Amino acid sequence: MRISTTSCLCPFLVCLCFIQRCSGASHHVPTKVPSKNQTKLANGETEVHHRPKRGWIWNQFFVLEEHMGPDAQYVGKLHSNSDKGDGSVRYILSGEGAGTIFIIDEVTGDIHATKSLDRERKTHYVLHAQALDRNTEEALEPKSEFIIKVQDINDNAPKFPDGPFVASVPEMSEVGTSVLQVTATDADDPTYGNSARIVYSILQGQPYFSVDPKTGIIRTALANMDREAREHYTVVIQAKDMAGQVGGLSGSTTINITLTDVNDNPPKFPQKNYQLYVPESAQVGKPVGKIKANDEDLGVNADIRYSIINSEGANMFSISAERDTREGIISLKKPLNFERKKTYTLNIEGVNTHVDPRFSYLGSFKDTATLKITVGDVDEAPVFSMDYYIMDVYENSPSGTEVGAVTARDPDSRNSHVRYFLDRKEEGINYFRVDEYSGVIYTTLPLDREDMPWHNITVMASEVDNPSLLSHVPVTVQVLDVNDNPPEIATDEEVIVCESSRPGQVIQTVTAVDKDDFANGQRFSFALPSQLPVNPNFTLKDNEDSTASIIARRRRFNHLTQELYELPIVVWDGGEPSLSGTSTLTLRVCPCQRHGRIRMCQGEAFLSSAGLSTGALIAILLCIVILLAIVVLFITLRRSKKEPLIISEEDIRENVVTYDDEGGGEEDTEAFDIIALRNPAAAEELKFRRDIRPEGRKHCGPPRIHRSPAVELDEVDVHEFIKQKLVEADMDTSVPPYDSLQTYAYEGQGSPTGSISPLDSPGTHSEQDFNYLDDWGPQFQKLAELYGDPESDVTT
């Protein structure tokens with residue numbers, strides 16, 4: 001089958017059609033290859049058709065876009081070698097746009113485009129053609145693929161997708177300075193003709209700016225453009241296709257260009273001479289006037305630094321630039337005095353702070369002006385001779401004591417009289433008063449340095465002629481010290497004394513404190529009260545360095561015998577006159593830890609070493625209480641279920657009673673004292689509990705043996721004696737609540753020499769010396785206390 005084109009709408013297509021038709025017979029004849037046929041495309045490629053006999057003769061079709069004619073646009077013609085022109089061949093078209101955009105005459109094979117096409121939407125269409133036998137509907141040729149290309153025409157104008165634009169360029173820029181580059185786009189085919197070839201031109205903005213016709217770069221075209229003369233420019237740029245030829249399409253955009261500021265203008269004062277009136281009452285540091293130099297530039301280029309360049313004005317006034325208004329603020333550095341100087345002349349200079357060296361040829365970027373200040377006379381408040389006063393007075397001075405004096409005068413020429421008074425707005429007690437005529441300050445109450453060493457008051461002064469004008473001055477009064485406080489011992493805590501302390505051992509070193517000043521309280525002396533008898537337990541040593549040492553005078557203290565001791569100490573200070581005070585220290589006897597290095601009681605030591613917090617101690621105590629409650633409950637339940645004392649009636653033995661009661665041990669002698677039965681004489685003498693140690697012994701010297709004297713007693717009835725003891729046992733609440741059998745062996749009496757039994761001796765004393773137990777270490781400390789020197793039990 002052969003595909004041909006009968007309409008050529010341009011010279012190129014005419015030539016293509018002519019060549020195509022002249023060479024169709026020879027160039028498009030299929031090559032006979034067993035089971036294969038190759039067809040060469042217009043672009044040089046080769047398409048292989050698998051067919052048994054003969055192949056298509058084909059080519060590309062071209063159709064113009066935007067066809068607006070009333071008839072369908074002819075595209076081309078399909079023709080098969082099997083077509084004899086008798087109408088037996090039917091042509092079928094399929095693929096993109098077949099039947100809608102492109103239709104085919106089934107008999108002739110002519111292809112037409114029924115719709116207007118847009119190359120910018122779709123550049124080509126791929127279709128398939130097939131020739132069938134009209135009678136049998138058998139394929140005379142296999143399907144063949146061909147392409148219909150949409151040919152471009154210049155139907156799209158250039159566009160600026162990012163416009164309009166905003167740009168800036170510094171003023172005074174050189175010619176040719178780049179401002180901005182604009183780019184236009186064209187939707188036409190850039191590979192075919194000049195439809196998409198764009199040329200740029202400037203429509204508005206000359207002679208200030210120009211544009212490169214190829215790149216679209218906008219540049220300055222005029223030198224020394226001044227922002228102060230004109231700041232904004234509007235430039236219109238046109239983009240035209242067809243290389244700018246007649247008939248081409250065009251588009252335009254607007255660029256708003258702003259000239260940015262540079263420092264090309266110096267500051268200028270509007271006038272050269274200024275005048276200013278300032279009253280002499282103006283406050284130092286406060287503004288008294290302002291001056292301004294104008295600068296046509298903007299931002300930092302218009303910043304100005306002001307200064308006073310003559311010494312007369314610089315000594316009395318200062319000037320600084322206000323940031324927002326760029327004004328020079330003039331302030332007063334020293335007080336003005338109309339009576340001394342009535343006028344001042346200030347030479348003020350304004351200079352740009354940011355100078356551009358490129359414009360130094362324009363001259364100096366500064367300007368000067370003269371300001372004349374006239375001082376006005378006003379009625380001024382009194383002036384004190386000093387800015388502040390410091391005075392002193394001794395404490396305890398009587399009321400009316402003179403402290404010091406303040407003086408003030410009227411600075412005006414008429415020199416009015418001045419009156420003084422205190423500022424009563426100050427809180428607190430008024431300890432002072434001031435004489436309104438002389439300015440002398442007196443005390444109104446005795447002062448105490450230890451209560452308040454310094455007093456701050458404010459004295460005010462006013463003129464008699466104009467009381468509304470007031471001046472103030474601060475006065476500080478120091479209270480000087482006198483020795484009026486006795487010294488005291490520095491600590492109120494108890495002093496710990498180890499039980500193992502030896503004579504001469506330092507118990508603790510104490511210091512003293514004094515509320516008086518350091519000059520009177522830096523030196524202290526210590527001693528024991530002279531009116532008291534000599535202390536047998538402790539003594540005091542003055543170390544002559546304002547400290548004293550408490551020293552033990554005897555060995556071994558026992559906290560069971562006496563736990564607390566009181567030691568009065570007299571302290572003298574080094575003042576004039578010297579004062580003394582007596583402080584009483586409490587000394588607590590405690591068993592110390594090993595080697596006596598840490599002086600604290602065992603209970604305190606345990607808590608301290610454990611490092612337990614209050615919460616932990618409470619938790620431990622709570623646990624102990626719970627455990628005790630459990631134990632008590634257990635014992636109560638056990639006693640409620642206790643079996644009878646006599647297990648069996650047959651288990652009664654002579655003088656034996658079985659009961660479930662544990663004795664108190666070796667020291668339990670409360671049940672009965674057998675001495676009372678065996679020796680009634682001794683019973684009358686022994687009335688104390690033998691399991692309790694006596695509090696003290698009333699004798700001194702070597703121990704002696706105590707023997708019972710022979711006492712003549714009346715005849716004693718043993719039966720009555722035992723009965724009496726039985727009644728006592730029944731009434732005694734400390735014995736078990738049940739009956740018990742007790743065996744008494746009565747020794748009797750009558751021997752003139754008394755009893756030789758040791759049971760009747762209330763106590764004996766050994767003459768053996770047990771002092772060597774002190775050297776055996778802390779393990780034998782308790783034993784050493786029991787057999788120690790009886791002198792250790794002597795107390796005061």
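Two strands are taken to pair if DSSP finds at least two bridges between them. In this predicted model, strand E34 (residues 488-489) and strand E36 (residues 506-513) meet that condition, with 2 bridges in the antiparallel sense. One bridge places Glu488 opposite its partner Val513 in E36. E36 also pairs with strand E39 (residues 547-552), again in the antiparallel sense, over 5 bridges. Here Val510 has Ala548 of E39 as its bridge partner.

Antiparallel pairing is also found between strand E5 (residues 73-79) and strand E8 (residues 110-113), which are joined by 4 bridges. Within this pair, the bridge partner of Tyr74 is His112 in E8. Of the 7 residues of E5, 5 are buried, and the strand is therefore largely enclosed by the rest of the structure.

In soluble globular proteins, nonpolar side chains tend to be buried together. The largest nonpolar core in the model comprises 25 residues, and Phe317, Leu346 and Ile348 have the most contacts inside it. Two or more residues are given to this core by each of strands E18 (273-279), E19 (287-291), E20 (304-308), E21 (317-321), E22 (328-332), E23 (343-352) and E24 (366-376). E24 supplies the largest share, 4 residues.

The surroundings of Leu346 were examined with its neighbours within four places in sequence left aside. On that basis, Leu346 is in contact with Ile308, Asn310, Gly313, Phe317, Ile330, Ala369, Thr370, Leu371 and Ile373. A second core, separate from the largest one, has 22 residues, among them Val393, Val434, Ile457 and Val475.

Conventions. Residues are numbered from 1 along each chain as its sequence is written. This is a predicted model: local features need pLDDT of at least 70, side-chain atom pairs count only at pLDDT 80 or more; totals for chains, interfaces and linings use all residues. Side-chain values use heavy atoms; hydrogens and water are left out. A nonpolar core is a set of buried Ala, Val, Leu, Ile, Met, Phe, Trp, Tyr and Cys residues joined through side-chain atoms within 4.5 Å. Buried means under 20% relative accessible area, exposed over 50%, partly exposed in between (1.4 Å probe, protein chains only). Contact means heavy atoms within 4.5 Å.
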